[in-house]
Amino acid sequence: MATVELLFSALPEHVRTARLVAAAVARRAGVDEAVLDELRLAVGEACSRAVGLHISHGVAAPVRVVLIEDEKKFSIEVGDDAPRPAPVSAASGAAHRPGSAPDEGGDGEDDMGLAVISGLVDDVEVTADETGGLIRMSWPTTPGAAVS
């Protein structure tokens, strides 16, 4: 299992870099070329969301992106350190219920980003608690198709 970890300051201009790195590592891991645009968009949404949460909560810690290459899938984890008032968890395509009430841990902008991600990625899991949040996305890889 190969892993690449990227840490970046919560600044919008670093989101593009994260997207480019994620696409390059995904291509090398054997993710189908046909889904690389969606992968880039999903990573951009997840990173933009994390940057926004860090800025709005005054979090100085960097945004974390972990790229994991397994035998049959490629996963990306985007983590933030913005506290949430109530635990939130959803899986496999239903990242979070768009339009959920604020006391359930969601807001309109947050829900919109999560809805976009869940529309782009078939296998997505979103978790959040008082210490931060994590979006875990994965795509199948084609064995032997990895680029060196």
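How many bridges join S2 to S3? I looked this up before anything else and found six, with the two strands running antiparallel. For my own bookkeeping, two strands pair if DSSP finds at least two bridges between them. Helices (H or I, at least four residues) and strands (E, at least two) are DSSP runs, numbered from the N terminus.

**Ground rules**

I am working with a predicted model, where local features need pLDDT of at least 70, side-chain atom pairs count only at pLDDT 80 or more, and totals for chains, interfaces and linings use all residues. I number residues from 1 along each chain as its sequence is written, and my side-chain values use heavy atoms, with hydrogens and water left out.

**Entry 1: the whole chain**

I found three helices and six strands in the protein chain. Reading along the sequence, I noted the pattern β-α-α-β-β-β-α-β-β. Of the 148 residues, 44% count as buried; buried means under 20% relative accessible area, exposed over 50%, and partly exposed in between (1.4 Å probe, protein chains only). I also checked contacts, meaning heavy atoms within 4.5 Å. Among those with a separation of 6 or more, residues 24 or more positions apart account for 66%.

**Entry 2: strand S2 and its partners**

I went back to S2 (63-69) and its neighbour S3 (73-80). These two strands form a hairpin with three residues between them, and I see leucine 67 standing opposite isoleucine 76 in S3. On S1 (2-8) I counted again: seven bridges join S1 to S2, and this pair is antiparallel. Threonine 3 has isoleucine 68 of S2 as its bridge partner. Six of the seven residues of S2 are buried, so the strand is largely enclosed by the rest of the structure.

I then stopped at glutamate 69, which is found in S2. Not counting residues up to four places away in sequence, glutamate 69 touches Met1, Ala2, Arg28, Ala29 and Phe74. Its C-alpha atom is separated by 9.1 Å from that of glycine 30, 39 residues apart along the chain.

**Entry 3: helix H1**

Glycine 30 comes just after H1 and takes a positive phi of about 105°, which led me to the helix itself. I measured nothing by hand here; the computed reach of H1 from its first C-alpha to its last is 21 Å for 15 residues, close to the 21 Å expected at 1.5 Å a residue. The expected span is 1.5 Å times one less than the number of residues.

Which residues of H1 are buried? I listed Val15, Ala18, Ala22, Ala23, Val25, Ala26 and Ala29. What covers them includes S1, H2, S2 and S3. I kept a reminder in the margin: an α-helix has 3.6 residues a turn, so residues three or four places apart point the same way.

**Entry 4: H1 against H2**

I found that the axes of H1 (residues 15-29) and H2 (residues 36-57) come within 9 Å and cross at roughly 145°. The axes are lines fitted to C-alpha atoms, for helices over the stretch in contact, and angles run from 0 to 180 degrees between N-to-C directions. On the H1 side the contact is made by Val15, Ala18, Arg19, Ala22, Ala23, Ala26 and Arg27, and on the H2 side by Leu36, Leu39, Arg40, Val43, Gly44, Cys47, Ser48 and Val51.

H2 has 22 residues that should span 32 Å at 1.5 Å a residue, and its end C-alpha atoms are 31 Å apart, which agrees. Just after H2, I noted a positive phi of about 65° at glycine 58.

**Entry 5: alanine 42 and glycine 113**

Is alanine 42 of H2 buried or exposed? Alanine 42 counts as buried, at 0% relative accessibility. Leaving aside neighbours within four places in sequence, I find alanine 42 in contact with Ile117, Leu120, Val121, Met137 and Trp139. The C-alpha atoms of alanine 42 and valine 116 are separated by 7.5 Å, though the two are 74 residues apart along the chain.

Glycine 113 sits in H3 (residues 108-120) and is buried, with a relative accessible area of 8%. I found glycine 113 and arginine 49 to be 6.8 Å apart, C-alpha to C-alpha, and 64 residues apart in sequence.

**Entry 6: S5 and S6**

Along S5 (residues 123-129), I saw the side chains alternate: Val124, Val126 and Ala128 point to one face and are buried, while Asp123, Glu125, Thr127 and Asp129 point to the other and are not. S5 and S6 (residues 132-140) run antiparallel and are joined by seven bridges. These strands form a hairpin with two residues between them, and alanine 128 stands opposite glycine 133 in S6.
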